[in-house]
Amino acid sequence: MIRAIAWDFDGVLNRCVEDGRFIWAEHFERDTGQSLAGFQRAVFAEGFREVIEGRRDLAEPVAAWCAEVGYPSGAEALIDYWFARDDTPDAEMQALVARLKAEGVPQVIATNNEARRARYIRAQTGWVAQVDAVLCSGELGVSKPSPAFFEAVSAALAVPPQESLFVDDTRANVEAARALGWQAFHFTPETRDALPGVLAGQGIAQGG
């Protein structure tokens, strides 16, 4: 029985990747006049887990890159640019989450995102009105697939893992959830159409 759902954000609710490319980065070089590969090397370096788990502010590596290449607008403007272009909600998932909300199913967003992005999701997107909580690694201090992350999500849902569904596009996270007793669904372009049927089999989200 599924009584509650935890949704991954990017790649599930937020359709931010198409054909293996990040949509936010599509016009980065045109808009900034800088190398995308250079930006990605500078920001997503080995220490990026510290950012994802809230031990370092995202603005630090971005500001360092801005100083290195002489980007005039600065880190805050670039982060605003990045987040706005990364806000690409999946219309089908919006409709599904809304139906679940109407049926009273507890739902949370459970995502590996740093604290600035967490604040953006709450303040600038419509998802916060559809779910009960937005749980981000940058605020929890731990990231998927750590068991502590799933424990925090389960506590927020107040539903046992065995009665909760975890939906993620990363196989390692899905496997970690299952190992902890969750029901789990690996969300991919090939499997996404099966999700409504999985939920309908539990008697939820059967509306059109």
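**Questions on a predicted model**

Q: Is Ala 158 buried or exposed?
A: The relative accessible area of Ala 158 is 63%. The cut-offs are under 20% for buried and over 50% for exposed, with partly exposed in between (1.4 Å probe, protein chains only). Ala 158 therefore counts as exposed.

Q: What kind of model are we looking at?
A: Residues are numbered from 1 along each chain as its sequence is written, and side-chain values use heavy atoms, with hydrogens and water left out. Local features need pLDDT of at least 70 and side-chain atom pairs count only at pLDDT 80 or more, while totals for chains, interfaces and linings use all residues, since this is a predicted model.

Q: Where does Ala 158 lie, and what is its phi?
A: Look in the loop between helix H9 and strand E6 (164–168); helices (H or I, at least four residues) and strands (E, at least two) are DSSP runs numbered from the N terminus. Most residues other than glycine have a negative phi. Ala 158 is a residue other than glycine with a positive phi, near 60°.

Q: Which two residues does a cis peptide bond join?
A: Most peptide bonds are trans. For the cis one, go to the loop between helix H8 (137–140) and helix H9 (147–157), where Pro 145 lies. Omega is about 10° in the bond that joins Lys 144 and Pro 145.

Q: How does the radius of gyration of the protein fit a compact globule?
A: The radius is taken over C-alpha atoms, and the globule rule is 2.2 Å times the number of residues to the power 0.38. For 208 residues that gives a radius near 17 Å, and the value for the protein agrees: 18 Å.

Q: Which helices do the buried residues of helix H4 pack against?
A: Helix H4 covers residues 59–69, and its buried residues are Ala 59, Pro 61, Val 62, Trp 65 and Cys 66. Just after H4, Gly 70 takes a positive phi of about 75°. The packing partners of those buried H4 residues are helices H1 (28–32), H2 (36–43), H3 (48–52), H5 (75–85) and H7 (115–124).

Q: What arc do the buried residues of H2 cover?
A: The buried residues of H2 are Leu 36, Gly 38, Phe 39 and Val 43. They sit on the same side of H2, because their arc around the axis is only 160°. The arc is that of the directions from the helix axis to the C-beta atoms. In short, the arc is 160°.

Q: Which residues does Val 134 touch beyond four places in sequence?
A: Val 134 is found in strand E5 (residues 133–136), and its 6% relative accessibility makes it buried. Contact here means heavy atoms within 4.5 Å. Leaving out residues up to four places away in sequence, Val 134 touches Ile 109, Ile 121, Arg 122 and Glu 139.

Q: Is Phe 187 buried or exposed?
A: Phe 187 is found in the loop between strand E7 (183–186) and helix H11 (195–200). Apart from its neighbours within four places in sequence, its contacts include Gly 11, Met 93, Val 167 and Leu 195. Its relative accessibility is 3%, so Phe 187 is buried.

Q: How many Å separate the C-alpha atoms of Phe 187 and Ser 73?
A: Along the chain, Phe 187 and Ser 73 are 114 residues apart. In space, their C-alpha atoms are separated by 37 Å.
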